[in-house]
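Here is a walk through how the pieces of this model pack against each other. Have the structure open while you read.

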Amino acid sequence: MSTDELETDLTRQTENSPRELLTRTFFFLCAALSIVTTISIVVLLVTEAAKFFTITAPLMGVTGETASLVDFLTGTTWQINSGEFGVLALVSATLMITIGSAVIAIPLGVATAIYLSEYASQRARSVLKPALEILAGVPTVVYGFFALIYITPALATVIPQIGTFNMLSASIVVGIMIIPMVASISEDAMSAVPDDLRQAGYGMGATKFDVATGIVVPAALSGIFSSFILALSRAIGETMAVTIAAGSRAQFLNPVNPASFLEGSLPMTAAMVQLLLGDITGGGLAYRSLFAIGLVLFVITLVMNVISDFVAQRYREEY
Amino acid sequence: MSQQNTNESNARADSSPDPTDDEMLIQTDVSGSVSSSGGPSRRETVVSAENINVWYGDDQALQDITMDIPEKSVTAMVGPSGCGKSTFLRCINRMNDLIDSARVEGDLYLRGKNVYDDDVDPVALRRRVGMVFQKPNPFPKSIYENVTYGLKIQDKGGDYDEIVEESLKRAALWDEVKDQLDESGLDLSGGQQQRLCIARAIAPDPEVLLMDEPASALDPVATSQIEDLIEELAQDYTVVIVTHNMQQAARISDQTAVFLTGGELVEFDDTQKIFENPESQRVEDYITGKFG
């Protein structure tokens, strides 16, 4: 090879060839799309919500009806017709759905994950995993009808004073809905625990139960907690099932009082659906309250995600 | 013992079969052929394997292993990769039960009780036979909790603080970790982790301690610490160690079993004899590095 040929060969600039540049740009644009979408949504939520509050509306150049930020955040009555926008009524309903579904989904989901990861035979797993995936794939509107038509009447035979629309049946159905999420993420975390640790346990004379609960679950704790938080974020954001099963009358309920669960209320997501289905006019106060609720919902799920990341970092074990 | 003495005791054994004498005969018969039918030591037998065969699916991993492992000594198992030495180790505490495809045939006695009898609970067996693995595998818990783990699952009482101190001292780790017992076992160095695993294994006071290449993942300094430790532990425990390191077997063991490819126990005798004057040409070739 002559020096000239070598010179040409070594200075081809493969890295900056048009093809490389083109593909790099294409992949960048794909990645950028999701970021741009997220930013757009946040900007839209914040600017529209800002038009709703008395304190920020002038900044947006909005004149006309506005609502007090303090009343919105601390009020417990949600009555659009009478101009009462107390978001706590809706937050309390969402909180109840979250607590109720957690009570159902966390124990059942973790138990399922332990079974799948530690006990199930190859055959049992091949049946159970697809079944869970089907559970996760059922349309949420079907869950809503299931709650209204089966769960509520079944509950009524035990608790006669229960309302047609009630938080209990909505919580149960949302709980069932998020079991697959808790189970599959927890199972992933448990399967990631190195087999060395199980061997060490068995070598010490541990039973299967000792190994599952004393070694695998603690070692997978960060993943298990993450599954709770992700599943609860899903419960908070769940819309269709609660819209159908929880009712349409907003009222402030004490989330830690079990009797509250017998009554119906209006979670944030269901309230937004109701607003959209009603004959609200664009630009009106009710229309803007939609964005205010959306922003609260967004902040809650964002905080949950941040907590999830923090927990995963804090409790992650390096094996 | 001379050949003549052996013949005499042989004759005696014939006329009045005395099991102790008979055992003595086999164990001291250094001039005989492969002494795999009996242990080479005069100590009491703790683990006794009779015709152990192991299959993984259709592949036979061990063929007719018969050997007696004497108490309070170090028995090394050496051989090339895939010769079944680890498999045999895992037969002793029935860890092979955890592998679905593994099938064990034959008898293995722990102080006279066949551990493969139907009424034997492998969990109870493993509480008497401790194990240390190739890769240090402390639990992601504190050093203290690692050492007390065995006591807790066995509901053993006693002064845990004292047992932790005692076990860590025996594992030659106490001085390095006594001020950080609440810290995670995973924060220790590899050699320290392995000594923690040894402390964890001896804390519930097992009869037999199985070690599966315990130093192969460690640096030379940590390896030498572990080797010293093993020799010391053999004063109180029956130690069975698998190693691929011939020098290590020569340094620390009292008896050596040589497994060769195909899962065959070729020779089992006093370590000195195996390394200086083995019966089998194959063993000699392996030890001198001609193959394997």
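H10(A) and H13(A) run roughly antiparallel to each other, because their angle is over the 145 degrees that marks that class (under 35 counts as roughly parallel, 65 to 115 as roughly perpendicular, and the rest as oblique). Helix H10 covers residues 221-237 of chain A and helix H13 covers residues 285-314 of chain A; they pack at about 175 degrees with their axes 8 Å apart. Axes here are lines fitted to C-alpha atoms, for helices over the stretch in contact, with angles between N-to-C directions running from 0 to 180 degrees. Helices are DSSP runs of H or I with at least four residues, numbered from the N terminus.

Which residues of H10(A) meet H13(A)? Among them are Phe225(A), Ile229(A), Leu232(A) and Ile236(A), and the H13(A) side includes Leu297(A), Ile300(A), Met304(A) and Val311(A). Contact means that the C-beta atoms, placed from the backbone, lie within 7 Å. By class, this contact has 11 nonpolar, seven polar and no charged residues. Ala, Val, Leu, Ile, Met, Phe, Trp, Tyr, Cys and Pro count as nonpolar, Asp, Glu, Lys and Arg as charged, and the others, Gly among them, as polar.

A word on ground rules: this is a predicted model, where local features need pLDDT of at least 70 and side-chain atom pairs count only at pLDDT 80 or more, while totals for chains, interfaces and linings use all residues. Residues are numbered from 1 along each chain as its sequence is written, and chains are lettered from A, and ligands numbered from 1, in the order in which they are written.

Here are the helix pairs side by side.

| Helix pair | Axis distance | Angle |
|---|---|---|
| H10(A) and H13(A) | 8 Å | about 175 degrees |
| H6(A) and H7(A) | 9 Å | about 130 degrees |
| H4(A) and H9(A) | within 11 Å | roughly 115 degrees |

H6(A) and H7(A) are oblique to each other, and H6(A) passes H7(A) in a right-handed crossing (the near helix is turned clockwise from the far one by less than a right angle; anticlockwise would be left-handed). Tyr143(A), Phe146(A) and Ile151(A) are among the H6(A) residues in this contact, with Leu168(A), Ile172(A) and Met177(A) among those from H7(A). The class count is 10 nonpolar, three polar and no charged.

H4(A) and H9(A) cross at roughly 115 degrees, which makes H4(A) roughly perpendicular to H9(A). This crossing is right-handed too. H4(A) brings Ile114(A), Ser117(A), Glu118(A) and Tyr119(A), while H9(A) brings Lys208(A), Ala212(A), Val216(A) and Val217(A). That comes to five nonpolar, one polar and two charged residues.

Zooming out, an automatic or database assignment splits chain A into domain 1 (3-50) and domain 2 (69-314). Their C-alpha centres lie 38 Å apart, and four residues of domain 1 of chain A touch six of domain 2 of chain A.

Where the chains meet, chain B puts in 18 residues and chain A 16. H4(B) gives the largest share of the chain B side, four residues. That side has 11 nonpolar, four polar and three charged residues.

How far should you trust it? The predictor gives the complex an ipTM of 0.80 and a pTM of 0.80. For chain B the mean pLDDT (the predictor's confidence in each residue, from 0 to 100) is 84, and 85% of its residues reach 70 or more. Residues 1-41 of chain B, though, stay under 50. Where pLDDT is low, the predicted coordinates should not be read in detail.

Technical notes. Helix = DSSP H or I, 4+ residues; strand = E, 2+ residues; numbered from the N terminus. Contact = placed C-beta atoms within 7 Å.
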